[in-house]
Amino acid sequence: MNRVLLAAFLARAEVRSALVGLAIGLVLALVLPSLPGVGSGLALRTLTVCAIYALAAAGVGVLYGRLGLVSIMQIGLVAVGGWATLRIYHATHLPFEVVMVLAALVTAAVGVIVGLPALRLSGLSLAIVTLMVAGALEVLVTYAGFPNGGDGFLGRVSGGTLAVIMPRPALGQSDDEFFRYVGVVVVVVLVLLRWLLMVRPGRTWAAIRQGEAGAVSLGINTVAHRLLALAVTSAVTGVAGALLAASSGILDPTSFKAQQSVLLFATVLIGGAFSLLGAVLGGLFFYGLPQLLNTVGLDGNLVFVVLGLGLVQAVTTAPAGIAGQLGALWRRLRPPRPPRPSRPSRPSREVTV
Amino acid sequence: MNLLPFVVAGLVIGSVYALSGVGVLVLYRTTGVLNFAHGAVGGLAALLVWQTVELRLQPAVAIALGIAAGAAVALLFGLVAGPYLARVDQLRKAIATLGLALVLLGVMLFVWNDKARTIRLETSRISFDVGGARVNVTQLVCLGLALLVVVGTLLALRYTSMGTSMRALASDRELAAVVGTNVRLVENTAWATSGAIAGVSGILLADQTRLEPAFLTFLIIPVLAAVVIGRFVSLWLTLVGGLAIGVGQSLVSAWPTVSAFSTAVPFVVATVVILVATRRRVVTVGVVRA
Amino acid sequence: MSRLTLSGITVRFGGVKPLDDVSMAFESGVCGIIGPNGAGKTTAFNVLSGFALPVAGSVDLDGDDLLAVPAHRRARWGLRRSFQQEQVVRTLTARENVLLAAEHSGSPTADVDRALDYVELARPYRLGAELTMFERRLVDIASCVVGTPRLVLLDEPAAGLDPAESERLLGLITRIPEEAGALVLLVDHDMDLVRAACGTVAVLDFGRRIAAGPTLQVLSSPEVRKAYLGIDEEVTT
């Protein structure tokens with residue numbers, strides 16, 4: 001019986017594409033630094049940060065694509081994760097992995113507290129409230145700064161004292177190693193997220209997305225499960241904050257402006273909110289595109305224009321985003337297979353990583 | 001501490017929030033689009049005024065030009081995206097305007113960079129003393145204009161044929177179309193009107209606060225809070241909401257220990273309102289799904 | 001033998017009363033609620049599933065006060081419901097749809113395959129989006145019988161089906177009481193289906209109960225024919 005179930009499980013398109021994604025992700029994470037041209041310097045550091053933001057993008061994508069929830073505060077939550085990481089590290093000097101988990105929990109708590117009141121109303125009110133939080137967090141972060149080894153709750157050094165930098169994790173000291181470290185963490189977190197989408201919470205979220213009344217009559221506590229989704233995605237975003245803090249050991253408030261949250265949301269919709277591949281693309285657009293524009297001598301602010309237009313286009317005409325279009329292309333190009341009636345059929349779906 | 005100056009400043013800013021909120025509300029009720037780009041449109045109008053005044057244009061002409069630009073940008077978006085937006089749900093409509101906000105912000109940052117500028121309207125140079133608080137004419141204009149626009153909008157909605165059509169669209173789109181309302185014309189009028197209001201409020205806010213693209217773009221936050229207080233329906237409550245948020249922010253900023261948190265006021269107020277609104281809501285779930 | 005009693009149920013939306021002091025009792029088997037459009041049939045179901053809160057009245061199933069149970073806890077309590085517009089989740093497989101119903105009603109997952117066998121759905125690993133209307137209706141029924149349901153509400157379960165499919169669905173519905181031990185309430189406009197499935201019916205008109213009793217007897221009473229079926233229409237038995 002269990003083997004039949006396992007075979008049916010492995011036969012599902014989403015499971016196979018998830019395994020393919022896992023393999024590709026791990027290979028990229030481990031091999032990319034040794035490629036010529038990528039192996040060192042700015043390009044690798046940029047890719048590292050792109051991979052980190054892919055996590056924040058995945059959070060946005062799961063909320064929007066799986067539950068239809070709009071969260072425009074994700075960069076603010078990255079800042080919360082980063083702040084918690086630095087704060088906890090300077091207070092305890094625990095190993096980075098422990099600090100990262102604690103920071104994820106703190107971020108999850110913040111996400112839940114913010115979402116709690118808005119979740120009871122329409123989706124529009126969550127969008128409004130999260131935009132307000134993005135604005136409020138920007139100011140709070142600018143006011144409080146990030147802990148750098150000083151005293152007090154805010155942990156800021158003052159006067160002539162030198163700022164203390166949080167060291168990178170033991171397994172990721174050099175840029176190469178740190179990229180691999182980030183890559184593995186990102187792949188592991190995305191795999192966990194993918195797994196969550198395929199088991200009970202994912203099923204429940206799909207039912208909620210389809211219709212509130214149907215979900216409630218199945219016995220689903222819709223508010224509790226939306227909160228669970230907020231907690232999970234906020235925790236993932238908190239991990240992004242922790243990795244970002246580890247990247248340079250210190251954070252700058254100017255990287256966490258409210259418009260960055262809007263920008264991240266746009267990249268996720270353009271990349272495709274229904275699959276985690278879209279999230280990875282979103283991370284690339286979000287951090288990679290401005291860097292690319294800068295290197296070719298264009299004003300990085302044009303990113304806003306490009307991604308803004310992309311967002312309007314994604315909302316009005318291409319709801320599955322680039323990942324969805326890639327998926328459709330792949331299905332068109334693939335030769336049709338003869339049906340095998342003896343096995344459970346393979347449902348065709350968006351390519352999901 | 002004499003709090004009167006803070007109250008006056010808060011009332012002034014709050015009245016512009018309310019003014020801006022009226023534009024958001026009219027557009028939302030008529031087209032179903034909650035315009036997150038409202039602040040960005042205002043920012044663009046203000047920067048155009050600054051630019052044209054720099055080019056030695058008459059300030060009055062420059063202001064008219066800025067307001068017209070606001071109306072034109074909003075109308076253009078309504079013309080281009082409107083037909084597509086009519087087919088998607090409210091959440092997507094709102095998200096699409098986030099795209100517009102990004103585009104406008106990008107244009108502003110590209111053309112004018114993010115340096116803080118100031119525009120000083122002529123009317124701001126004339127000021128007088130009210131109970132220990134300096135009040136200038138621009139501030140009186142802000143207060144008067146907000147009241148005027150609320151009353152004017154109410155009257156226009158009630159007594160003009162365009163206003164009647166807007167109310168018809170707000171209550172039932174399909175029905176309005178069936179009985180022969182020119183839906184596109186009414187919607188385009190709403191876009192242009194709301195864009196012009198965004199332009200006026202953007203210019204006033206730039207005078208009262210600072211002329212900075214991202215800052216003006218995100219002034220949509222207190223404006224939305226005012227609209228939330230108005231429950232997305234009431235012009236009067238939106239006015240009250242705007243004033244309350246303005247005064248609230250101003251008073252919080254009066255104390256140095258908490259002044260950094262003044263931008264959190266809209267969030268707190270809107271959250272409380274949403275909580276209260278939730279409690280009053282009867283538990284009804286739409287059973288039929290399309 | 002289970003007994004469901006609605007006593008003095010009144011629902012008010014603004015100035016409208018979709019249900020006005022309605023009392024009905026149903027005893028085991030398949031029972032029907034019929035009435036013209038706007039009579040309050042779906043509102044009655046909404047009261048039972050917790051989507052509409054009555055301003056007065058009570059609902060009792062074998063001594064349990066149903067109104068005291070929050071809407072999302074009623075599945076665990078033993079309530080199942082299908083909608084006029086079927087709610088099969090398109091992005092999940094047929095089996096996952098039934099699994100979802102099992103998980104959130106606290107039923108053992110082993111019951112899922114039993115429920116799928118009951119409706120004889122072929123290839124349950126297809127997505128909801130790939131199923132035919134009839135297959136989606138089967139999934140709905142499977143979700144309703146999974147676990148140990150006590151009260152099953154079916155809102156026009158045969159809407160959009162052809163006569164042969166309706167016939168098969170009818171067979172499944174009439175077997176639910178013995179198969180799952182639940183009381184089944186059926187709302188439908190299809191009089192042939194109601195006559196074939198329901199031993200007893202209650203008739204609603206403008207939010208009031210105007211008749212109740214054995215199906216054939218009720219359908220042939222002059223009052224019901226006048227209010228609901230139209231006086232000219234011939235009711236054949």
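The following questions and answers concern a predicted model with chains A, B and C.

User: How compact is chain B relative to a globular protein of its length?
Analyst: Chain B contains 12 helices and two strands. Its radius of gyration is 19 Å, and the globule rule gives 19 Å for 290 residues. The two values are close, so chain B is as compact as a globular protein of that length.

User: What percentage of the contacts in chain B with a separation of 6 or more joins residues 24 or more positions apart?
Analyst: The C-alpha trace of chain B spans about 60 × 45 × 35 Å along its principal axes, and 50% of its 290 residues count as buried. Among contacts in chain B with a separation of 6 or more, the share from residues 24 or more positions apart is 75%.

User: Where do the two strands of chain B fall in its order of elements?
Analyst: Read from the N terminus, the elements of chain B are α-α-α-α-β-β-α-α-α-α-α-α-α-α. The β-β pair in that order follows α-α-α-α.

User: Are α10(B) and α11(B) oblique or roughly antiparallel to each other?
Analyst: The axes of α10 (residues 220-229) and α11 (residues 235-252) of chain B come within 7 Å and cross at roughly 135°. Angles over 145 degrees would count as roughly antiparallel, and roughly 135° does not reach that cut-off. The crossing is right-handed. The two helices α10(B) and α11(B) are therefore oblique.

User: How many nonpolar residues are in the contact of α10(B) with α11(B)?
Analyst: From α10(B) the contact draws on B:P222, B:A225, B:A226, B:V227 and B:I229, and from α11(B) on B:L237, B:T238, B:V240, B:G241, B:G242 and B:I245. No residue of this contact is charged and three are polar, Gly being counted as polar. The number of nonpolar residues is eight.

User: Which helix gives the most to the side of chain B that touches chain A?
Analyst: In this interface, 43 residues of chain B are in contact with 43 residues of chain A. At least two residues each come from α3 (59-85), α4 (90-112), α10 and α12 (265-280) of chain B. By class, this side of chain B has 34 nonpolar, seven polar and two charged residues. With 17 residues, the helix that gives the most is α4(B).

User: Why does the packing of α7(A) against α10(A) count as roughly antiparallel?
Analyst: Helix α7 (residues 175-198) and helix α10 (residues 222-248) of chain A have axes 11 Å apart. Residues that meet here include A:F178 and A:V182 of α7(A) and A:V232 and A:V236 of α10(A), and the contact has 10 nonpolar, one polar and no charged residues. The angle between the helices is about 180°. Angles over 145 degrees count as roughly antiparallel, so α7(A) and α10(A) are described as roughly antiparallel.

User: Which helix supplies the largest share of the side of chain A that touches chain C?
Analyst: Here 19 residues of chain A are in contact with 26 residues of chain C. This side of chain A divides into nine nonpolar, eight polar and two charged residues. Both α8 (200-210) and α9 (212-217) of chain A supply at least two residues. The largest share, six residues, comes from α8(A).

User: What percentage of the residues in chain C is buried?
Analyst: Chain C has nine helices and 10 strands. Its radius of gyration of 17 Å is close to the 18 Å of the globule rule for 237 residues, so chain C is as compact as a globular protein of that length. Its C-alpha trace spans about 50 × 40 × 35 Å along the principal axes. Of the 237 residues in chain C, the buried share is 52%.

Notes:
Residues are numbered from 1 along each chain as its sequence is written. Chains are lettered from A and ligands numbered from 1 in the order in which they are written. This is a predicted model: local features need pLDDT of at least 70, side-chain atom pairs count only at pLDDT 80 or more; totals for chains, interfaces and linings use all residues. Axes are lines fitted to C-alpha atoms, for helices over the stretch in contact, and angles run from 0 to 180 degrees between N-to-C directions. Helices (H or I, at least four residues) and strands (E, at least two) are DSSP runs, numbered from the N terminus. Angles under 35 degrees count as roughly parallel, over 145 as roughly antiparallel, 65 to 115 as roughly perpendicular and the rest as oblique. A crossing is left-handed if the near helix is turned anticlockwise from the far one by less than a right angle, and right-handed if clockwise. Two residues are in contact if their C-beta atoms, placed from the backbone, lie within 7 Å. The radius of gyration is taken over C-alpha atoms; the globule rule is 2.2 Å times the number of residues to the power 0.38. A residue is buried if 20 or more other C-beta atoms lie within 10 Å of its own, exposed if 12 or fewer, and partly exposed in between; C-beta atoms are placed from the backbone.
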